[in-house]
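This report describes one protein chain, moving from its charges and overall form to single residues. Please consult the sequence and the structure while reading.

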Amino acid sequence: SIYLLVMSNNLIVLAIAWQMMSISLYLLVSFNVRSNTAVKNSRWTMLIHKGADFIFLIAVILTYKTFGSFELSTLSDQWLAMSKTTFDNPMVFVIGFMYLLAAMMKSAIMPFHLWLPYTSEAPTPVSALMHAGVVNVGGILLNKMAYLLLLAPAVLNIAFIVGLITAIYASLIMLVVSDIKRSLGYSTVGQMGYMIMEVGLGAFSLAIYHLMVHGIFKATLFLESGGLI
């Protein structure tokens with residue numbers, strides 16, 4: 001599902017991968033069925049991700065109604081051409097904000113962050129996959145919509161502010177949490193905050209580089225956490 005989402009050039013394919021990933025994540029984080037808290041937290045995770053799915057689908061429909069295409073290559077050329085002219089359409093802000101909101105929910109940005117640290121009862125390899133791959137999809141989506149976001153500077157400002165708050169708050173919480181996997185969870189939330197800040201600054205290539213490095217780094221930390229315990 002993640003590979004399909006990364007490689008897709010069509011908003012419909014992107015939406016299908018987005019949905020498949022939510023279902024796969026629910027099955028993974030609820031794997032420990034003997035734990036009531038694991039099942040409860042997986043339901044909370046599913047609720048947030050299904051909210052993100054719904055918002056994303058509305059954004060896709062509005063994108064098609066406004067710009068007349070599902071192909072990202074066509075849309076990117078159209079958005080890039082618009083950026084070189086005086087363009088003022090309030091619908092661009094609405095669409096951009098909806099993509100940002102869906103990305104915030106998928107990437108555990110405040111105030112939608114609680115699903116990530118509290119799914120630590122899943123098997124550790126699942127946590128490694130979740131923190132190295134699944135949580136990155138918000139950043140991937142925003143990079144795919146980069147030219148659209150450049151048409152809506154207010155959305156980028158919002159991204160920067162929520163990213164800054166998330167990075168500071170989650171990094172402070174990480175320092176005082178005693179559970180090592182939950183501490184790593186808050187570390188990921190903080191890193192996603194930094195990533196959203198980079199998007200808010202328009203540094204889209206830097207955000208992708210950050211996601212790649214963070215994925216390798218965090219997967220390694222999770223897989224080594226058992227030895228540390």
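## Charged side chains

In counting charges, Lys and Arg are taken as positive and Asp and Glu as negative, while His and the chain ends are left out. On this basis the protein chain carries 11 positive and 8 negative side chains. The centres of these two sets lie 9 Å apart. The model discussed here is a predicted one.

## Overall architecture

The protein chain contains eleven helices and zero strands. Its pattern along the sequence is accordingly written α-α-α-α-α-α-α-α-α-α-α. The radius of gyration is 17 Å, close to the 17 Å that the globule rule gives for 229 residues, so the protein chain is as compact as a globular protein of that length. Measured out along the principal axes, the C-alpha trace spans about 55 × 30 × 25 Å.

Contacts across the sequence can also be described. Among contacts between residues at least 6 apart in sequence, 77% join residues that are at least 24 apart.

## Surface and interior

Of the 229 residues in the protein chain, 50% count as buried. The chain exposes about 10,600 Å², and carbon and sulfur atoms supply 70% of this area.

The largest nonpolar core has 60 residues, and within this core Phe 56 and Tyr 99 touch the most other members. Helix α5, residues 90-106, gives the most to this core, with nine residues. When neighbours within four places in sequence are set aside, Phe 56 is in contact with Leu 14, Ala 15, Trp 18, Tyr 99, Ala 102 and Leu 141.

## A covered helix

Helix α7 comprises residues 137-144 and is mostly covered, since eight of its eight residues are buried. The buried residues of α7 include Leu 141 and Lys 144. Leu 141 is also one of the contacts of Phe 56, and Lys 144 is touched by Ser 76.

## Three residues in their surroundings

Ser 76 is situated in helix α4, residues 72-83. Is Ser 76 buried or exposed? Its relative accessible area is 16%, and buried means under 20%, so Ser 76 is buried. Apart from residues up to four places away in sequence, Ser 76 touches Lys 144 and Tyr 147.

Tyr 194 belongs to helix α10, residues 180-200. Its relative accessibility is 37%; because this value falls between the 20% limit for buried and the 50% limit for exposed, Tyr 194 counts as partly exposed. Which residues is Tyr 194 in contact with, leaving aside its neighbours within four places in sequence? They are Gly 163, Ala 167, Ser 171 and His 210. Gly 163 is 31 residues from Tyr 194 in sequence, and the two C-alpha atoms are 5.9 Å apart in space.

Tyr 64 lies in helix α3, residues 36-67. With a relative accessibility of 40%, Tyr 64 likewise counts as partly exposed. Outside its neighbours within four places in sequence, Tyr 64 is in contact with Ser 69 and Phe 70. Tyr 64 and Ile 208 are 144 residues apart along the chain, and their C-alpha atoms are separated by 26 Å.

Notes. Residues numbered from 1 in each chain as written. Predicted model: local features only at pLDDT ≥ 70, side-chain atom pairs only at ≥ 80, totals over all residues. Heavy atoms only, no water. Helix = DSSP H or I, 4+ residues; strand = E, 2+ residues; numbered from the N terminus. Rg over C-alpha atoms; globule rule 2.2 N^0.38 Å. Buried < 20%, exposed > 50% of the residue type's maximum accessible area, 1.4 Å probe, protein only. Contact = heavy atoms within 4.5 Å. Areas by Shrake-Rupley, 256 points an atom, 1.4 Å probe, with all protein chains shown as cover. Charge placed at Lys NZ, Arg CZ, Asp CG, Glu CD. Core = buried A, V, L, I, M, F, W, Y, C linked by side-chain atoms within 4.5 Å.
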